[in-house]
Amino acid sequence: MVTPVVKLKKLIDKMEFENLTPEIDISKIKIVHPEINRPALQLAGFFDHFSHDRVQIIGNVEYAYTSSMCQDAKKNVYREIFSRKIPCLVYARNLQPDEDIRELAIQYGVPVLSSSKTTSDLMAEVIRWLKVQLAPTISIHGVLVDVFGEGVLIMGESGIGKSEAALELIKRGHRLVTDDVVEISKVSDATLVGTAPEITRHMIELRGIGILDVKALFGAESVKNTQNIDMVINLEDWDKDKEYDRLGMDDQYTEFLGIKVVCHNIPIRPGRNLAVIVESAAVNYRQKKMGYNAAKELYNRVQRNLMRARGEEDDE
């Protein structure tokens, strides 16, 4: 599993922060934690359990409190904060530090930034973005496609037909996210997001033909950069001695990064139209999310017919 980091410069560019300490080289500063910290207790002198590895945000309350302090006390508490090697200090609402604080920041190599956003909006936006960027990530072998809005991850042994199925789906109007390598990120306790490595984005490999640029061949509407992973289809060679699920009463699952995802094992043999099977699985999954389960409906019909038959026998 990859342990991601985010360069501070990327955060600054994304959030359009104003850099108040351009003298500091920010190119090597990295953020490793998706949460933020408002150092209210630290400004009051309490440093136990200080989350120094997080982005530190100063809002109206913290700013007003330090404004009431004498200059020496203010410098001492900021010196203590900066000495803990925080990644950066961000002032919300276009608040500005005084020159003494800026000089201390430069002395300790801590970038001081400013944002026009309100404190609550700034916190929410930074946390949301960092959670995506710093999500636990793994890479697996497979193909990810967007089928009717559902993220379908197609897996199976090499050469079994994953890319061919994806190509047929693309021709039928669906969208490719990634072929061959799928980078899966856990962005929340219930959500997995798949994307393609930068080097192979929008490319697909077909044995005997080579590499195809899907975006160039089929247009921008045929590709997508990211997609939630809603279900998995695992392709496997047909085994006449194996018992396959024919009703689908109970969902089967596979697990990535601790999150369970619905999984269907599809046996492959000549004549089966994989694209149609994948489409049907995606639509059936959507129906189940909307509360309709065809297998259970069939079961209920059978039960009703049995009860009706028994009633007729009792009448006789």
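**Reading a predicted fold**

Q: R175: buried or partly exposed?
A: R175 is partly exposed, with a relative accessible area of 30%. The call depends on two cut-offs: under 20% is buried and over 50% is exposed, with partly exposed in between. Keep in mind that this is a predicted model.

Q: With which residue does R175 form a salt bridge?
A: A salt bridge calls for a side-chain nitrogen of Lys or Arg within 4 Å of a carboxyl oxygen of Asp or Glu. Here the side chain of R175 meets that of D146, at 3.0 Å from N to O. The two residues lie in distant parts of the chain, 29 residues apart: R175 belongs to strand β11 (residues 175-178) and D146 to strand β9 (residues 143-147). D146 counts as buried, because its relative accessibility is 4%.

Q: How many salt bridges does the whole structure hold?
A: The search finds 16 salt bridges. One of them joins D98 to K74, with the closest N and O atoms 3.0 Å apart. This pair also links distant parts of the chain: D98 sits in the loop between β6 (89-91) and α5 (99-108), K74 sits in helix α4 (residues 71-83), and 24 residues separate them.

Q: What burial class does each partner of that pair have, D98 and K74?
A: The acid, D98, is partly exposed at 25% relative accessibility. The lysine, K74, has a relative accessible area of 10%, so K74 is buried.

Q: Which residue pairs with E150 in a salt bridge?
A: The partner is K289, and the N to O distance is 3.2 Å. E150 lies in strand β10 (residues 150-156) and K289 in helix α9, so to speak of distant parts of the chain is fair: the pair is 139 residues apart. E150 counts as buried, at 3% relative accessibility.

Q: Which residues are linked in a network of salt bridges?
A: A network links E23, E99 and R102.

Q: Where does V283 lie, and how is its exposure classed?
A: V283 is placed in helix α9 (residues 274-289). Its relative accessible area is 38%, which means partly exposed. A C-alpha separation can be set beside the sequence separation: V283 and V147 are 136 residues apart along the chain, while their C-alpha atoms are separated by 8.5 Å.

Q: How should I read a sheet, and what is the strand order in the open sheet of four strands?
A: Strands of a sheet pair through backbone hydrogen bonds, either parallel or antiparallel. In this open sheet the order is β8-β12-β13-β16, and the pairing is antiparallel. β8 (137-141) and β16 (226-228) are the edge strands; each has a single partner strand, so one side of each lacks a neighbour in the sheet. From one strand to the next, the twist averages 30°.

Q: Over how many bridges do β8 and β12 pair?
A: β8 and strand β12 (residues 181-188) pair over five bridges, in the antiparallel sense. To find the register in the viewer, look for I138, which stands opposite I184 in β12.

Q: Which backbone angle deserves a check at F148 and at H202?
A: Check phi. At F148 it is positive, about 55°, although F148 is not a glycine. F148 occupies the loop between β9 and β10 and is partly exposed, at 40% relative accessibility. H202, not a glycine either, has a positive phi of about 70°. H202 is in the loop between β13 (191-195) and β14 (203-206), and it counts as buried because its relative accessibility is 14%.

Q: How many helices and strands does the protein chain have?
A: The protein chain has 10 helices and 19 strands. For overall shape, set the radius of gyration against the globule rule: the chain has 28 Å, well over the 20 Å given for 316 residues, so it is more spread out than a compact globule. Along the principal axes, the C-alpha atoms fill a box of roughly 95 × 60 × 30 Å.

Q: What share of the 316 residues counts as buried, and what share of the contacts joins residues at least 24 apart?
A: The buried share is 43% of the 316 residues. Among contacts between residues at least 6 apart in sequence, 69% join residues at least 24 apart. The exposed area of the protein chain is about 17500 Å², of which carbon and sulfur atoms supply 48%.

Methods
Residues are numbered from 1 along each chain as its sequence is written. This is a predicted model: local features need pLDDT of at least 70, side-chain atom pairs count only at pLDDT 80 or more; totals for chains, interfaces and linings use all residues. Side-chain values use heavy atoms; hydrogens and water are left out. Two strands pair if DSSP finds at least two bridges between them. Axes are lines fitted to C-alpha atoms, for helices over the stretch in contact, and angles run from 0 to 180 degrees between N-to-C directions. Buried means under 20% relative accessible area, exposed over 50%, partly exposed in between (1.4 Å probe, protein chains only). The radius of gyration is taken over C-alpha atoms; the globule rule is 2.2 Å times the number of residues to the power 0.38. Contact means heavy atoms within 4.5 Å. Accessible areas come from the Shrake-Rupley method with a 1.4 Å probe; for residues, only the protein chains shown count as cover.
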